[in-house]
Amino acid sequence: MGPDQILFYVLGGVAVVASLMVIGQRNPIHSVLLLIASFGGLSGLYILLDAPFVAVIQIIIYAGAIMVLFLFVVMLLNVAREDTEQDERVHVQVHRGSMRLGAVLAGLLVVELVWALASAGTLGGTFGPMAGLPAPVTSVHVIGQVLFTRYAFPFEVTSILILVAMVGAVVLARRETPRPAAGADAAGGSEERPAF
Amino acid sequence: MTPILIAQIVLLLFVFFMLLNSAAIMVYVERKVAAMLQQRLGPYLVGPRGLLQPFADVLKLMFKEDLRPTAADAFLFSLAPIISVTAAFAAFAVVPFGAETTFFGLLSHPIPLQVADVNVAVLVIFAIASMGVYGIVLAGWSSNSKYSLLGGLRSSAQMISYELSYGLALAAVLLIGNSLSLTHVVNGQAGYWFHVIPRWYVFVQPVGFAIFMIAGIAETNRAPFDFPEAEQELVAGYHTEYSSMRFAMFFMAEYINMVTVSAVAVDLFLGGWHGPFLPASLGWIWFLVKVGALLFFYVWMRWTLPRYRYDQLMAFGWKILLPIAALNLLATAAGVIHFGA
């Protein structure tokens, strides 16, 4: 085995083992941290695939930004409730119906994955090097060009989708507060302050 | 082992050693400058002019008892300072601090004065900085103390908010520099306009530089943005429960982060190692001078400005700094298209 292969197995092992351990943790903070470790392993695999840009973006977006938000939410939930409830809180209340629905969805995902992997070779080489692209200068150049020419439409649609999700989150999170009488506390400072 | 490999390893160890020392030097400078600004003497007893004070401090910290709250999460409590200090050191690995050199002819062909020449260096710094947040957040959470937790929460909110402006300011420079490699960006700043003004990007990107410095101060949790450890409100914030060398590691990480942010600012905006009077092989002297000036600026800010209020900090980050940074990026992109890079 060459060094690349050893690295592949080490990084792949980290990603798989950490992902499996995520669901086995009692403490949600530990789950979040293991997920970060898993993302780190994936990022290493991207570097092995000679895609440093994707690797770094993986760290910045997933391990950095998104997981910090996860951690933030988990920590806020810990603050909001008392320690006595800790065990009930970690184990989400089990409902038969939701478990069945989850099992069906998981089964569908497995079928989908198997189908995608099996047909990857026959569907016009999705995983192979993309033909007809300009000679790779660096991966950043290539990604940028492809993103804003060939995949411009999906790219823009995705951004609108994310915007819609953001607006939805704001609408859901906004609490209707009774308007203060006109003139009373016009600055309204204290209400808008975050709680921490 | 080839001489090049040996030279790289020596360089790596040297950078590590210098970063360790820079923390000690910055502690001394901070205390001396603070004393100057407040008409005091500052440390003067240990060694000539108090120069050995940082080493005395380190010795003192080593011999202090290492306390851990009983209710703390033992593993994460130990992990947090390690994450902080590792991220601080790792970020500097991709920062170039001098032109290519053969070390006075010792090597057959020149190597860059940089631990790792990565072609996405700027993004790597950004990625490692976002990992550094975990050190503080976990320290806050694992201590199981309300002050620590509040400090950790504040820091994560603050860092997420200011990382955006920080990234947008970086992106504007990268548009002009036309590369993600720091070495490339620095070399784009060689030479002069009209034989007088150095071609530093700070003259093309004054707004970007201002945003970068403000967001950089917020990212390193320095006053006037030192909310994670606001003494009057949170005792000592996220490191309230830490003592001895674990506390020292957080302290060290803060100063090394300052050095890294300053070094990146010098590379991106202030022409890196390019400067008049000195030959290219001694460019690192210019680099040190510029980084020193920015670090002084940091210390100066801390002892001049009072701390913001927390809601002001958030409002400033989201409602003022971020729109300005976005407009700056837009204007830069338009300029690059119109005038060519």
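**Reading chain B and its neighbour**

Tutor: Among contacts in chain B between residues at least 6 apart in sequence, 77% join residues at least 24 apart; two residues are in contact if their C-beta atoms, placed from the backbone, lie within 7 Å. This is a predicted model, where local features need pLDDT of at least 70, side-chain atom pairs count only at pLDDT 80 or more, and totals for chains, interfaces and linings use all residues. Residues are numbered from 1 along each chain as its sequence is written, while chains are lettered from A and ligands numbered from 1 in the order in which they are written.

Student: What percentage of the residues of chain B count as buried?

Tutor: A residue is buried if 20 or more other C-beta atoms lie within 10 Å of its own, exposed if 12 or fewer, and partly exposed in between. In chain B, 46% of the 341 residues count as buried.

Student: What does the C-alpha trace of chain B span along its principal axes?

Tutor: About 60 × 50 × 45 Å.

Student: How many residues does each chain give to the contact between chain A and chain B?

Tutor: Chain A gives 20 residues and chain B gives 21. On the side of chain A that touches chain B, 16 residues are nonpolar, two polar and two charged. Here Ala, Val, Leu, Ile, Met, Phe, Trp, Tyr, Cys and Pro count as nonpolar, Asp, Glu, Lys and Arg as charged, and the others, Gly among them, as polar.

Student: And how is the size of an interface often given?

Tutor: Often as the accessible area lost when the parts come together.

Student: How many helices and strands does chain B have?

Tutor: Helices (H or I, at least four residues) and strands (E, at least two) are DSSP runs, numbered from the N terminus. Chain B has eleven helices and four strands.
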